[in-house]
Amino acid sequence: MANSTGKAPPDERRKGLAFLDELRQFHHSRGSPFKKIPAVGGKELDLHGLYTRVTTLGGFAKVSEKNQWGEIVEEFNFPRSCSNAAFALKQYYLRYLEKYEKVHHFGEDDDEVPPGNPKPQLPIGAIPSSYNYQQHSVS
């Protein structure tokens with residue numbers, strides 16, 4: 001992560017940029033590309049640093065099970081006024097890094113979808129546009 005000046009050493013910066021390129025390629029191949037790096041507390045989130053720290057602690061499931069997101073937040077030096085940083089880190093990890101972790105860290109099979117043919121997904125809590133009334137017909 002960053003040193004006391006807030007800037008990463010050149011080697012770490014290079015690794016971070018290579019990681020971002022690989023992560024973007026991974027999301028693009030799955031039909032879920034992203035352009036912007038998320039920000040927490042007005043600072044661009046170091047996705048490479050977050051991924052490294054979470055996988056060091058055993059991965060998303062273990063960090064969530066042990067509720068260690070607060071510990072991870074402290075390492076990023078977000079402003080104290082950013083009271084929801086732990087929640088934000090967890091959500092951003094889910095969005096950007098969790099599938100990548102499963103494939104690249106744990107070696108699980110990727111349910112990859114060819115580009116241009118993304119999986120149909122509804123946002124959480126969304127109501128489908130069609131409804132199967134036949135499911136309620138009892139003979």
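The paragraphs below walk through a predicted model of a protein chain, from its overall layout to some of its individual residues.

The protein chain is built from five helices and two strands, and if one reads from the N terminus on, these elements follow one another in the order α-β-β-α-α-α-α. The chain has 139 residues, of which 29% count as buried, and its exposed surface comes to about 9,800 Å², with carbon and sulfur atoms supplying 51% of that area. When contacts between residues at least 6 apart in sequence are considered, 65% of them join residues that are at least 24 apart.

A good place to begin looking inside is the core. In soluble globular proteins, nonpolar side chains tend to be buried together. Here the largest nonpolar core has 28 residues, and those that touch the most other members are Leu47, Leu50, Trp69, Ile72, Leu89 and Leu97. Helix H1 (10–29), together with H2, H3, H4 and H5, takes part in this core, each of these helices supplying at least two residues, while the largest share, seven residues, comes from H5.

Two of the helices show how residues of this kind are covered. In helix H2 (47–56), seven of the ten residues are buried, so this helix is largely enclosed by the rest of the structure. The residues in question are Leu47, His48, Gly49, Leu50, Tyr51, Val54 and Thr55, and what covers them includes H1, H3, H4 and H5. In helix H4, which spans residues 69–76, the buried residues are Trp69, Ile72, Val73 and Phe76. Seen down the axis of H4, these buried residues fall within an arc of 105°, so they line one face of the helix. Their cover includes strand S2 (43–44) as well as the helices H2, H3 (60–65) and H5 (85–104). Trp69 gives a detailed example, for if its neighbours within four places in sequence are left aside, this residue is in contact with Leu50, Val54, Phe60, Val63, Ser64, Ala86, Leu89, Lys90 and Tyr93.

The aromatic residues can be followed next, and the structure holds ten aromatic pairs. In one of them, the rings of Phe19 and Tyr100 have centres 5.4 Å apart and planes at 80°, so the pair is edge-to-face. Since Phe19 belongs to helix H1 and Tyr100 to helix H5, this pair ties together parts that are 81 residues apart in sequence. Phe19 counts as buried at 7% relative accessibility, and Tyr100 is buried as well, with a relative accessible area of 4%. A pair with another geometry is formed by Phe60 and Tyr93, which are stacked, with 5.8 Å from centre to centre and 5° between the planes. Phe60 lies in helix H3 and Tyr93 in helix H5, so here the parts tied together are 33 residues apart in sequence. Phe60 counts as buried at 13% relative accessibility, and Tyr93 counts as buried at 0%. Phe19 and Tyr100 also appear in an aromatic cluster, which they form with Phe26 and Tyr51. An aromatic ring may also have a charged residue over it, as with Tyr96, where Arg95 lies over the face of the ring at 4.6 Å from the ring centre.

The strands deserve a look too, and Val40, which lies in strand S1 (residues 39–40), can serve as a guide. Val40 is buried, with a relative accessible area of 3%. Beyond its neighbours within four places in sequence, Val40 is in contact with Phe78, Cys82, Ala85, Ala88 and Tyr92. Although Val40 and Phe78 are 38 residues apart along the chain, their C-alpha atoms are separated by 7.4 Å.

Finally, the backbone on either side of H4 offers a point of interest. Most residues other than glycine have a negative phi. Asn67, which is found in the loop between H3 and H4, nevertheless has a positive phi, near 50°, and this residue is exposed, with a relative accessible area of 61%. Asn77, which follows H4 and is found in the loop between H4 and H5, likewise has a positive phi, of about 55°, although it is not a glycine. Asn77 counts as exposed, at 58% relative accessibility.

Definitions and conventions:
Residues numbered from 1 in each chain as written. Predicted model: local features only at pLDDT ≥ 70, side-chain atom pairs only at ≥ 80, totals over all residues. Heavy atoms only, no water. Buried < 20%, exposed > 50% of the residue type's maximum accessible area, 1.4 Å probe, protein only. Helix = DSSP H or I, 4+ residues; strand = E, 2+ residues; numbered from the N terminus. Arc of directions from axis to C-beta. Contact = heavy atoms within 4.5 Å. Areas by Shrake-Rupley, 256 points an atom, 1.4 Å probe, with all protein chains shown as cover. Core = buried A, V, L, I, M, F, W, Y, C linked by side-chain atoms within 4.5 Å. Phe/Tyr/Trp six-rings, centres within 6.5 Å; stacked < 30°, edge-to-face > 60°. Lys NZ or Arg CZ within 6 Å of the ring centre and 35° of its normal.
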